[in-house]
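This report introduces a molecular structure to a reader who has not met it before. The sequence and the model are shown first.

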Amino acid sequence: MLNVSIDSFGYSEKEILKDIHFKLNAGEHLAILGESGCGKSTVLHLVYGLLHLNRGSIHWDNTLLLGPTHHLIPGETFMKLVAQEFNVMPFITVAENIATHLSRLDSDKDAVRVQELLTVVDLIPFENTLVKNLSGGQKQRVALAKALANEPKLLLLDEPFSNIDTFRKNKLRRNLFNYLKENKIMCITATHDSDEALAFADRILLLRNGQEELCGTPETVFSNLKTAYQKGFFGEVTILPSDLFSSETASEELVLLPHQLVPSKATTKLEVTVKKAYFRGHYYLIEATWNTQVVFFIHSEELEPNTTLFLQKQ
Ligand SMILES: Nc1ncnc2c1ncn2[C@@H]1O[C@H](COP(=O)(O)OP(=O)(O)OP(=O)(O)O)[C@@H](O)[C@H]1O
């Protein structure tokens with residue numbers, strides 16, 4: 001089990017992370033979600049042992065993991081970090097890159113393992129291609145396969161699919177996260193991608209300015225989203241006074257995602273004017289205004305600019 005207890009961390013006197021605590025069991029996947037600069041990579045680097053934790057502790061089972069001052073080569077051997085600048089050898093082939101991390105005692109076994117990893121990252125057709133001739137996304141997949149080669153117990157992925165197109169990304173994510181589950185490999189991903197976190201993680205840790213905003217299963221986190229920052233990761237945000245939807249006079253700010261506002265046949269206090277309809281495949285995201293406020297909602301049809309309609313809260 002990994003037990004992370006970061007009381008405080010800063011690169012200098014300025015505190016970057018504060019009070020971040022989580023535990024993970026074999027095969028579990030934690031997605032750390034948050035805006036750029038909130039400290040996601042720093043958490044991964046602390047766990048991996050690249051940075052010295054100022055206050056707090058990181059345990060693997062009952063062993064206290066010590067930072068870089070205690071290791072000649074930073075980084076714990078049972079973990080692998082796939083960073084944003086991926087570590088691949090350009091002048092050898094994809095298969096050779098992966099094989100550099102295998103035992104090399106049994107070449108038949110190694111060859112089977114290379115094929116297995118090429119399948120996970122969907123690079124079979126590029127097995128014999130020199131890495132220097134690959135695209136950025138393909139190099140990123142080689143880096144993933146290399147990280148998996150000697151069966152880490154914990155995989156730390158920093159924006160692992162940032163260079164990969166949507167079509168391949170979906171397949172790769174399914175392959176990779178299924179492989180990790182089947183092999184009971186624990187995984188922490190740092191990501192901006194809320195769809196990925198919702199679909200694949202067992203738990204989501206939402207960070208803001210180095211502190212925990214929310215932490216829990218995807219279902220709990222999604223149902224507890226409250227502020228514009230929190231909801232902003234999951235869609236366009238509309239902020240409206242609550243008395244628009246009730247007869248109460250006391251009003252507070254309501255933060256709503258597009259699916260929470262729907263057209264109403266009856267007259268409501270929320271009459272909006274359509275500005276633009278954005279095609280989203282099987283629905284339209286409608287941008288409208290109420291007074292000077294921007295309002296987003298979902299509609300099955302494209303609505304013309306200047307159409308007026310009433311909305312209610314779902
Ligand atoms: N080596 C460093 N020295 C000093 N400050 C640093 C260093 N690395 C990161 N920081 C600062 O720490 C904060 C957190 O950075 P970090 O890279 O962890 O954020 P992040 O959430 O991973 O961002 P992104 O999503 O853009 O990768 C930022 O303010 C960053 O400027």
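The following paragraphs treat the helices, the strands, one loop residue and the surroundings of the ligand. The model is a predicted one.

**Two helices**

The table sets out helices H3 and H4.

| Helix | Residues | Number of residues | Distance between end C-alpha atoms | Expected span |
|---|---|---|---|---|
| H3 | 107-120 | 14 residues | 20 Å | 20 Å |
| H4 | 136-149 | 14 residues | 20 Å | 20 Å |

In helix H3, the buried residues are Arg 113, Val 114, Leu 117 and Leu 118. Viewed down the helix axis, the buried residues of H3 lie within an arc of 140°, so they line one face of the helix. A general property of helices is relevant here: an α-helix has 3.6 residues a turn, so residues three or four places apart point the same way. On the face of H3 turned away from the buried side are the exposed residues Asp 108, Lys 109 and Val 112. The cover over the buried residues of H3 includes helix H2 (94-99) and helix H4. Just beyond H3, Asp 122 adopts a positive phi of about 60°.

Helix H4 is largely enclosed by the rest of the structure, because twelve of its 14 residues are buried. Among the buried residues of H4 are Gln 138, Arg 141, Val 142, Leu 144, Lys 146 and Leu 148. Their cover includes strand S6 (79-82), H2, H3, strand S7 (154-158) and helix H5 (166-182). After H4 comes Glu 151, which has a positive phi near 45°.

**Strands and their pairing**

As a general matter, strands of a sheet pair through backbone hydrogen bonds, either parallel or antiparallel. In this model, an open sheet is formed by four strands in the order S2-S1-S4-S5, with antiparallel pairing. Strand S2 (17-24) and strand S5 (63-64) stand at the edges with a single partner strand each, so one side of each has no neighbour in the sheet. Strand S1 (residues 2-9) and strand S4 (residues 55-60) run antiparallel and are joined by six bridges. Opposite Ser 8 stands Arg 55 in S4.

Strands S6 and S7, by contrast, pair in the parallel sense, over four bridges. Val 82 has Leu 157 in S7 standing opposite. Met 79 and Leu 81 point one way from S6, Lys 80 and Val 82 point the other way, and all are buried. In general, the side chains of a regular strand alternate between the two faces of the sheet.

**A residue in a loop**

Asp 61 lies in the loop between S4 and S5. How many other C-beta atoms lie within 10 Å of Asp 61? There are 7, and Asp 61 is therefore exposed. Asp 61 is separated from Asn 25 by 36 residues in sequence, with a C-alpha to C-alpha distance of 9.6 Å.

**Around the ligand**

Which residues surround the ligand? They are Tyr 11, Ile 16, Gly 34, Ser 36, Gly 37, Cys 38, Gly 39, Lys 40, Ser 41, Thr 42 and Ala 190. By kind, the shell holds four nonpolar residues, six polar residues and one charged residue. Helix H1 (residues 40-48) supplies three residues, the largest share of the shell.

Definitions and conventions:
Residues are numbered from 1 along each chain as its sequence is written. This is a predicted model: local features need pLDDT of at least 70, side-chain atom pairs count only at pLDDT 80 or more; totals for chains, interfaces and linings use all residues. Helices (H or I, at least four residues) and strands (E, at least two) are DSSP runs, numbered from the N terminus. The expected span of a helix is 1.5 Å times one less than its number of residues. A residue is buried if 20 or more other C-beta atoms lie within 10 Å of its own, exposed if 12 or fewer, and partly exposed in between; C-beta atoms are placed from the backbone. The arc is that of the directions from the helix axis to the C-beta atoms. Two residues are in contact if their C-beta atoms, placed from the backbone, lie within 7 Å. A residue is near a molecule or strand if its C-beta atom, placed from the backbone, lies within 6 Å of it. Ala, Val, Leu, Ile, Met, Phe, Trp, Tyr, Cys and Pro count as nonpolar, Asp, Glu, Lys and Arg as charged, and the others, Gly among them, as polar. Two strands pair if DSSP finds at least two bridges between them.
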